[in-house]
Amino acid sequence: ASSGGMAEEGERAGLLLRPGQTRRPTPVGGKLLILLQYGILMTVLVFVAMHPALHRAVAKHAVPKIAASKAPPAPHVAASGLKVAGLAKPNPGLNPRPVGVRKGRVKTKMRAVQGRDSQLTERGGALEILHEVAPTRSLLPERVAMCYASWSECDDKVISAARQGCNVIGWFSMNFVDVGGAPSVKGGPDLACVRKVAKALRDEGLPTTHLISVGGWDQPHPFIGGGAPAVWSAWKSWNEEQAAGDGFAGFDGLDWDVEGCDGGAIPCNEFSIELLDTMGQVSQLAKKEGYLVTMAPMESYLDPSSPMFDRALTHEYQEWKGVVDGFKYHGANTYAYLLAKYPTTRVPAPTHSLDGAVLPPAGYNEVPTFDLVSIQLYESYSHADFAIAVQGGDAAAYLVRLITALTTGWVVDFSWDPAAGMGTKLIKLSAQQVILGLANGWAGGADAGQPVKALLLPPPVLQKSFVAMRNAGVAPRGFMFWDIKEEGLVPPG
């Protein structure tokens with residue numbers, strides 16, 4: 001009976017005892033060895049369970065990735081400049097889920113995954129918590145309709161524009177000025193009014209990203225005393241202490257719109273290397289703290305048809321000679337310097353999953369410094385204007401070629417300017433960065449016998465062009481237009 005009981009006990013313990021064999025008590029040293037072995041085994045199991053590769057494998061199977069479609073959804077567009085038949089219906093599904101309101105100084109970690117396949121829609125989004133940022137930020141929608149308020153504009157027309165489809169508002173515009181040798185923010189819309197408009201949009205369930213522009217035509221170039229750290233500190237303090245309040249977390253980021261001015265060879269018609277470097281470095285500081293950064297270059301400031309680089313903004317397009325002579329206010333790939341020298345920013349990798357679970361340390365990620373690049377097709381006497389309005393070319397074909405060039409890349413020779421300190425560089429944007437800049441009712445006119453000064457693309461033409469770009473696989477992230485104040489104007493003719 002004793003032998004049978006031991007056999008049964010051995011079987012339960014997973015041991016095989018030979019006939020007549022008995023289990024002897026384990027020495028103390030042996031027990032310690034067994035405990036040590038169990039400890040090593042548990043350590044190995046915990047390490048394997050926490051390994052990043054295992055997390056990535058689980059995440060890959062738990063959240064199916066949405067394949068990129070050859071026919072992406074139509075953009076969420078606004079009226080007039082963006083009012084395209086069949087594309088202008090507001091669709092909340094194309095807006096990201098809003099991030100919760102900040103409580104005091106509590107930090108959040110919500111950011112959008114930036115990539116061609118990320119779909120921030122109700123059909124299955126991919127949101128990732130990247131790193132701690134001071135304010136609660138809005139996310140960029142998958143399809144962008146960016147609409148600029150006019151100079152210091154803040155009124156009910158901004159709310160109307162959002163109702164009609166604008167999901168990114170570009171408030172216009174602020175600048176950095178010299179106050180006692182330090183940069184200080186000046187200008188822009190009435191901040192109390194901005195907070196009221198933001199609240200009205202939240203109350204109506206219209207998720208909206210709010211950006212503040214820097215610069216504008218005929219404005220002095222920003223004061224950059226103290227360099228990027230001083231400029232960034234001035235903006236961040238202004239945004240947190242003056243712009244934010246009443247449930248508004250402040251602007252979600254800044255939009256570079258530094259341009260030239262009337263008057264020929266004067267300081268505001270030439271960028272200094274120091275200014276360009278400060279713009280790039282401030283942009284990287286903003287990205288590291290979770291803010292959005294965009295730019296709105298004139299067509300000539302980012303021109304894939306030319307390899308030339310110059311900081312002067314006093315060039316004349318050759319094709320316009322004999323048609324309109326003497327218009328010397330074009331640039332020469334001036335903003336390409338920013339994309340060449342500051343294309344990406346190193347930010348901390350994700351620390352938490354969407355449900356708040358802590359992820360293993362994974363170092364840093366490189367993300368595009370500039371979230372959106374809005375090309376102003378309505379620059380006076382632009383290439384697009386000449387090709388479409390003067391030569392009568394097909395707008396759809398022209399825009400397909402333009403975006404193909406921007407996303408395939410072109411070589412810019414920075415050795416034209418020794419101060420740039422660079423040779424030739426390939427400048428290349430992703431389709432997720434490209435925004436086409438449109439005009440509304442203020443454009444399209446011309447004096448008697450003169451060509452159109454600022455290109456206007458009528459809604460049917462824009463619709464046809466978007467379909468052609470989509471079919472060619474080069475659809476842009478969206479569109480922007482200048483400006484909300486002029487909504488409702490009837491173009492000449």
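**Disulfides, aromatic contacts and a pocket**

Cys261 and Cys268 are joined by a disulfide in which the sulfur atoms lie 1.6 Å apart. The structure is a predicted model, and this separation is a computed value that falls within the 2.5 Å used to recognise a disulfide. The torsion about the S-S bond of Cys261 and Cys268 is 70°, and the link is right-handed. Both partners are buried: Cys261 has a relative accessibility of 2%, and Cys268 has a relative accessible area of 14%.

Across the whole structure, the search finds three disulfides. Another of them connects Cys147 with Cys166, at an S to S distance of 2.0 Å. Here the torsion about the S-S bond is about -85°, so the disulfide of Cys147 and Cys166 is left-handed. Cys147 belongs to strand β3 (residues 144–151), while Cys166 sits in the loop between α4 (156–163) and β4 (168–179); the bond therefore ties together parts that are 19 residues apart in sequence. Cys147 is buried, at 0% relative accessible area, and Cys166 is buried as well, at 3%.

A further disulfide is formed by Cys154 and Cys193, with 2.1 Å between the sulfur atoms. Its torsion of -95° about the S-S bond makes the link of Cys154 and Cys193 left-handed. Cys154 is found in the loop between β3 and α4, and Cys193 in helix α5 (residues 191–203), so this pair ties together parts that are 39 residues apart in sequence. Cys154 has a relative accessibility of 17% and counts as buried, because the cut-off for that class is under 20%. When the bonded cysteines of the protein chain are numbered in sequence order, the pairing reads 1-3, 2-4, 5-6.

The aromatic side chains offer another view of the structure. The search of the whole structure yields 22 aromatic pairs. In one of them, Trp217 and Tyr329 have ring centres 6.1 Å apart and planes at 75°, so the pair is edge-to-face. This contact links distant parts of the chain, 112 residues apart: Trp217 lies in the loop between β6 (209–216) and α6 (227–243), and Tyr329 in the loop between β9 (310–315) and β10 (330–332). Trp217 is partly exposed, with a relative accessible area of 24%. The rings of Trp232 and Trp235, by contrast, have their planes at 15° and their centres 5.4 Å apart, so that pair is stacked. Trp232 and Trp235 are three residues apart in helix α6, and about one helical turn separates them. Trp232 and Trp235 are both buried.

Trp217 also takes part in a wider grouping, as Trp217, Trp320, Phe327, Tyr329, Tyr381 and Phe386 form one aromatic cluster. A ring can meet a charged group too: Arg346 lies over the face of Tyr364, 3.9 Å from the ring centre.

Trp217 appears once more at a pocket. The second largest pocket holds about 580 Å³ of space. It is lined by 24 residues, of which Trp217, Met298, Tyr378, Ser380 and Trp442 are the closest to its centre. Strands β3 and β17 (478–482) are the elements that give two or more residues to this lining. By residue class, the lining of the second largest pocket comprises 14 nonpolar, five polar and five charged residues. Trp217 thus connects two parts of this account, being a member of the aromatic cluster and one of the residues closest to the centre of the second largest pocket.

Definitions and conventions
Residues numbered from 1 in each chain as written. Predicted model: local features only at pLDDT ≥ 70, side-chain atom pairs only at ≥ 80, totals over all residues. Heavy atoms only, no water. Helix = DSSP H or I, 4+ residues; strand = E, 2+ residues; numbered from the N terminus. Buried < 20%, exposed > 50% of the residue type's maximum accessible area, 1.4 Å probe, protein only. 1 Å grid on protein atoms, 1.4 Å probe; cavity = no way out; pocket = protein on both sides within 12 Å on 5 of 7 lines; lining within 4 Å. Points joined across faces, edges and corners; volume = space filled by probe spheres on them. Nonpolar A, V, L, I, M, F, W, Y, C, P; charged D, E, K, R; others polar. Phe/Tyr/Trp six-rings, centres within 6.5 Å; stacked < 30°, edge-to-face > 60°. Lys NZ or Arg CZ within 6 Å of the ring centre and 35° of its normal.
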